[in-house]
Amino acid sequence: MDGNSKLVSYLAILPLVVMGATFALVLRDPVDTAGMVVLALAAAFFVLSAIMFTGLGTKIVAGFIHDSSEENTRYDSRIVSTGVGMILLGAGIMAAISLLGQTFLYVGVLVLIVLIFVGVIYIAEYSKE
């Protein structure tokens, strides 16, 4: 598996794991602590998303910092950071919407899935030089 495949799989799987954990918390009759955990997750995702959208988060993108310098020159770090920011924004929206109840959780999951696809396609399409 090359570096690009690892990056894409990481970007797609991590928010899905968080989505599954949020699903489990909300569906099992939420209590105050579960709501606080989901709220903390949403806040963390929103902060990380803001960092990524500013372009400062390129240093923390997994896979991107570990590639050789020749591999990194093929990609625009600003676009990679923005794409990851879209994915993290989707995870934050999904977590925040899930606090409204089980009915809204499905809307949040849909938003997350759409933003995962948009972020990955954005990185793949626009970052190649």
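Which residues does G92 touch, not counting residues up to four places away in sequence? The legends below, written for a predicted model, begin with the whole chain and then take up this residue and several others.

**Figure 1. Overview of the predicted protein chain, which has 5 helices and 0 strands.** Read along the sequence, the elements follow the pattern α-α-α-α-α. Of the 129 residues of the chain, 36% count as buried, and the accessible surface comes to about 7200 Å², of which 70% belongs to carbon and sulfur atoms. Among the contacts with a separation of 6 or more, residues 24 or more positions apart account for 74%.

**Figure 2. The largest nonpolar core of the protein chain, with 15 residues.** Within this core, F45, V84, L88, M94, L112 and I116 touch the most other members. The elements that give two or more residues to the core are α2, α4 (residues 77-98) and α5 (residues 102-126). As a general background to such a view, nonpolar side chains tend to be buried together in soluble globular proteins.

**Figure 3. Surroundings of G92, a residue of helix α4.** The answer to the opening question is that G92 touches A42, F45 and F46, once residues up to four places away in sequence are set aside. G92 counts as buried because its relative accessibility is 0%, where the limit for a buried residue is under 20%. The C-alpha atoms of G92 and A43 are separated by 6.9 Å, although the two residues stand 49 residues apart along the chain. One of the residues touched by G92, namely F45, is also among the core members that touch the most other members.

**Figure 4. Surroundings of I93, likewise found in helix α4.** With a relative accessible area of 24%, I93 is partly exposed, whereas G92, at 0% relative accessibility, counts as buried. Leaving aside the neighbours within four places in sequence, I93 is in contact with F46, V111 and L115. F46 is one of the residues touched by G92 as well. From I93 to A42 the C-alpha to C-alpha distance is 7.0 Å, while the separation in sequence is 51 residues.

**Figure 5. T82 and the residues it touches from its place in helix α4.** Not counting residues up to four places away in sequence, T82 touches M52, F53 and Y122. Y122 stands 40 residues from T82 along the chain, and the C-alpha atoms of this pair are separated by 8.6 Å. Is T82 buried or exposed? T82 is buried, because its relative accessible area of 14% falls within the range set by the limit of under 20%.

**Figure 6. A polar contact of S98 in helix α4.** A polar atom of the side chain of S98 lies 2.6 Å from the backbone oxygen of A95. At 2% relative accessibility, S98 counts as buried, and the side-chain atom in this view therefore belongs to a residue that falls under the 20% limit.

**Figure 7. A nonpolar surface patch of about 460 Å², made by V47, L48, I51, L56 and I60.** L48 has its place in helix α2 (residues 32-54), whereas I60 is found in the loop between α2 and α3 (residues 69-72). L48 is partly exposed, with a relative accessible area of 32%, while I60, at 52% relative accessibility, counts as exposed. Why can L48 be part of a patch, with a relative accessible area of 32%? Patches are made of residues with over 30% relative accessible area, so the 32% of L48 satisfies this condition. I60 and S81 are 21 residues apart in sequence, and their C-alpha atoms are 9.2 Å apart in space.

Note on methods
Residues are numbered from 1 along each chain as its sequence is written. This is a predicted model: local features need pLDDT of at least 70, side-chain atom pairs count only at pLDDT 80 or more; totals for chains, interfaces and linings use all residues. Side-chain values use heavy atoms; hydrogens and water are left out. Patches are made of residues with over 30% relative accessible area and no salt bridge: like charges are joined within 9 Å, nonpolar side chains (Val, Leu, Ile, Met, Phe, Trp, Tyr) within 5 Å. Accessible areas come from the Shrake-Rupley method with a 1.4 Å probe; for residues, only the protein chains shown count as cover. A salt bridge is a side-chain nitrogen of Lys or Arg within 4 Å of a carboxyl oxygen of Asp or Glu. Helices (H or I, at least four residues) and strands (E, at least two) are DSSP runs, numbered from the N terminus. Buried means under 20% relative accessible area, exposed over 50%, partly exposed in between (1.4 Å probe, protein chains only). Contact means heavy atoms within 4.5 Å. A nonpolar core is a set of buried Ala, Val, Leu, Ile, Met, Phe, Trp, Tyr and Cys residues joined through side-chain atoms within 4.5 Å. A polar contact is a pair of N or O atoms within 3.5 Å; within protein, one must be able to donate a hydrogen and the other to accept it, and residues adjacent in sequence count only if both atoms are side-chain atoms.
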